[in-house]
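Here is a friendly walk through a structure, taken one region at a time. Keep the view open beside you as you read.

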Amino acid sequence: MRFDHRHLLGIEALRPDEIATLLDLADRYVTLGRQQEKHASLLAGRTQINMFFEASTRTQASFELAGKRMGADVMSMPMQASSIKKGETLIDTALTLNAMHPDLLVVRHPHSGAVALLSQKVNCAVINAGDGRHEHPTQALLDALTIRRRKGRLHRLTVAICGDIAHSRVARSNILLLHKMENRVRLVGPPTLMPAGIEDFGVEVTHDMARGLEGADVVMMLRLQRERMDGGFIPSEREYYHRYGLDAEKLAAAKEDAIVMHPGPMNRGVEIDGTLADDINRSVIQEQVEMGVAVRMAAMDVLARNLRARPSEVMA
Amino acid sequence: MTPTELRVTPTLITDARLIDPEADTIREGAVLIERGAIAEVFDTPEPDIPTDRVPSEARRDARGRFLAPGIVDIGVKVCEPGERHKESYKTAGDAAAAGGVTTIVTRPDTDPAIDTPETLEFIRRRAREVARVHVLPMAALTKGREGREMTEIGFLMDAGAVAFTDCDRVVTDTKVLSRAMTYAAGLGALIVSHPQEPGLSRGAAATSGKFASLRGLPTVSPMAERMGLDRDIALVEMTGARLHADQITAARALPSLQRAKRNGFDVTAGTSMHHLTLNELDVADYRTFFKVKPPLRSEDDRQAIIDAVKTGLIDTVSSMHTPQDEESKRLPFEEAASGAVGLETMLPVLLRLYHSEELPLPALFRALSLNPARRLGLDTGRLAAGAPADLVLFDADKPFILDRFKLRSKSKNTPFDGARLQGKVLATYVAGSPVFEAD
């Protein structure tokens, strides 16, 4: 197995075979997670620190659980509350934590590129848990794992990604990953929620939901990130739901066995119909959560193998 | 405006290749300097001048290197008052001298802003005391650069302000701007604007396009530059003010500029060394030393801007020298400060365009020296008898690798750290006195 990265900062730097490696490994952790005894010991004695500079419950919980199942000592720092408010810079915070000799930092930050910046200043492995509008690699990996398990493959699929592409790091990481694995990616949403230059990403772009979903194997809904809106991207929630909210009627354009995904947390009645979200025949939203823990364990696994021996071990 | 005492002994620079932006030529020749001015320009490399007129120790053999009028750099930020740890008049002057810049035209976006005759007098005194090159200050157009009330334009002109600008803070209230421009027009004052539609460019850190979208950076369309320029040109038509747009960096803005000039409006435009030599992709993995304002553009834009400098549509090129300390750059890209230092590096960096045969040297020095001097009503920027002896002697070919820690500026925020460059300043003369000599 080859995985020559010290950090997991984004999908952009990964090769297709590395992605496959991660997913293979994650499959094994899915199995482990379904057993009564859920522990692996690869990270025993290692320290994992979660630094979330942006509010998150689900992702942070997922990383915390993944770390604990891998045997690490896990600490979650409430970054919003503490030092940032006291004016400490990101790099100083990183250096402070680095001095505590963590082995793994899991970082989420509201600014694009901030996690990469931090990774340059520390000695340990860093996992990007989402940076601004840039990347959210473990989300794309868990989505890929879900698709692969449901569809039996991760290539030559038509995947429609719908909603607020412009503000979404989930969309960027997914576009990159699905592209690397040779799938057909369609982006669906109002033009105000499409990033500039998107046509050059090797994707199809449409503003019409029916056309976008036509023949799709996978329908990936994005959260309408209201907290990111400067205001005025869409006229109203109800018009958005009417045109882009996923319901059974719109889903009829997709393949009969198309699966519906959502990174959560959902806005029921804004981007997705509540009944559809709960339809266990179509919706894989709960499965995505399970895959999330497994994928994060796999990511920790490959990074742990590349962790440098600590000074005490070198001396021994 | 003379920073150094006039040198009484003459100097003769022989065997030089003279870059004459007025005549648009390069020719072999010699230059005689007397009393701080160019006394005579010879068309022969070794003119026959008796040693009782110019003693042999006052002769300098240029060995076929280039001699050009010194650079007049409009829009230099010296961080006095307020942030002297980033750049002082001493260090800015040293950096300028080492870069062949003989006149720096300073920005008023200091803390506090240069918006009263008293603060202007303070920096003029500081400059006189410690700077080796000519320093001409610009003053703020509105008090505190807040875009609400015009400054004392008349008093500031009397105190030596050569132009009025709120720098990168666009005056959003068009009524305020129109009145300031009307008042300035009555005094013949030059307004330097930052063409940008501030609503559209709010919060932006990059130019919209594939690259910025991949990086997830907040962006602005280059169209915002054209909108800003269009508004400012309309105000020129309305008020009769004299306008210089500080940086035109987008191809989309060029037709507006061309139209304004064709219609005979008193409008000129500049661009920056960075927009001529770098594009948006240079930001790569969020390298904050490449964050400038306006943000770096596409390669197509860069090519169009080079072409506009070549044809003269864009009049001036400047360094937009903006010192920033390490702390303000060691931040996530969106939060990091904008700007780069350039006084010392501008000439070697721009010589890239000469080596790539995109811009001939006379056209380069027309934009670096002649046009900015003309726009400010200065006699310098020319290689002709009677002009001030503000000169730069340089070797256009000498290769070197730039080490940012060797820069004379207090701040080391150059995007060209580690870059392979060709071209070195050998000597800089201000009013006939050597203010810089290469080792």
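## Where to read with care

This is a predicted model, and in chain A the pLDDT stays under 50 over residues 310-316. For that stretch the model has four contacts beyond four places in sequence. Where pLDDT is low, the predicted coordinates should not be read in detail.

As a whole, chain A averages a pLDDT of 91, and 93% of its residues score at least 70.

## A:R223 and the annotated binding site

Which residues of chain A does UniProt list for "binding site"? The unreviewed entry gives A:K86, A:R169 and A:R223. Of these, A:R223 can be followed through its surroundings: A:R223 sits in the loop between β8 (218-221) and α8 (237-244) of chain A.

Setting aside residues up to four places away in sequence, A:R223 touches A:D164, A:H262, A:P265, A:M266, A:N267 and A:E271. With A:P265 there is also a polar contact, as the side chain of A:R223 reaches the backbone oxygen of A:P265 at 2.8 Å. A:P265 itself belongs to the loop between β9 (259-261) and α10 (274-278) of chain A, and the peptide bond leading to A:P265 from A:G264 is cis, with omega near -10°.

## Helix α6 of chain A

A:R169, another residue listed in the UniProt "binding site" record, brings us to helix α6 of chain A, which spans residues 169-180. The helix has twelve residues and reaches 17 Å from its first C-alpha to its last, close to the 16 Å expected at 1.5 Å a residue. At the N-terminal end, A:S168 acts as a cap for α6(A), with a side-chain oxygen 3.2 Å from the backbone nitrogen of A:V170. After the helix comes A:E182, whose phi is positive, near 65°.

Why can α6(A) be called largely enclosed by the rest of the structure? Ten of its twelve residues are buried, so the surrounding structure largely encloses α6(A). The buried residues are A:R169, A:V170, A:A171, A:R172, A:S173, A:N174, A:I175, A:L176, A:L177 and A:L178.

## Helix α3 of chain A

Helix α3 of chain A covers residues 90-98, and its buried residues are A:L90, A:I91, A:T93, A:A94, A:L97 and A:N98. These residues lie on the same side of α3(A), because they cover an arc of only 160° around the axis.

What do the buried residues of α3(A) pack against? Their partners in chain A are β1 (47-52), β2 (73-77), β3 (104-109) and α4 (114-119).

## The annotated domain in chain B

Turning to chain B, an unreviewed UniProt entry places the feature "domain: Dihydroorotase catalytic" at residues 64-248. In the model, this span is 38% helix and 17% strand, and its end C-alpha atoms lie 35 Å apart.

## Two buried strand residues in chain B

B:T103 lies in strand β7 (residues 101-106) of chain B. Is B:T103 buried or exposed? Its relative accessibility is 0%, so B:T103 counts as buried. Apart from neighbours within four places in sequence, B:T103 is in contact with B:I71, B:V72, B:D73, B:H134, B:L136, B:L378, B:T380 and B:D390.

B:F436 is part of strand β17 (residues 433-437) of chain B. With a relative accessible area of 13%, B:F436 is buried too. Beyond residues up to four places away in sequence, B:F436 touches B:A97, B:A98, B:R408, B:V425, B:L426, B:A427 and B:T428. One of these, B:L426, is ten residues from B:F436 along the chain, and their C-alpha atoms are separated by 7.8 Å.

## Backbone features worth a look in chain B

Most residues other than glycine have a negative phi, and most peptide bonds are trans. Chain B has a cis peptide bond from B:D111 to B:P112, with omega near 5°. B:P112 is in the loop between β7 and α2 (117-130).

B:C167, in the loop between α3 (153-158) and α4 (174-187) of chain B, has a positive phi, near 60°. B:C167 is buried, with a relative accessible area of 7%. B:M320 is not a glycine, yet has a positive phi of about 45°. The loop between β14 (316-318) and α11 (326-329) of chain B holds B:M320, which counts as buried at 13% relative accessibility.

Methods: Residues numbered from 1 in each chain as written. Chains lettered and ligands numbered in written order. Predicted model: local features only at pLDDT ≥ 70, side-chain atom pairs only at ≥ 80, totals over all residues. Heavy atoms only, no water. UniProt positions renumbered as here; feature names shortened; annotations may be inferred. Helix = DSSP H or I, 4+ residues; strand = E, 2+ residues; numbered from the N terminus. Contact = heavy atoms within 4.5 Å. Polar contact = N/O pair within 3.5 Å; in protein donor to acceptor, adjacent residues only side chain to side chain. Expected span 1.5 Å × (residues − 1). Buried < 20%, exposed > 50% of the residue type's maximum accessible area, 1.4 Å probe, protein only. Arc of directions from axis to C-beta. pLDDT = per-residue confidence, 0-100.
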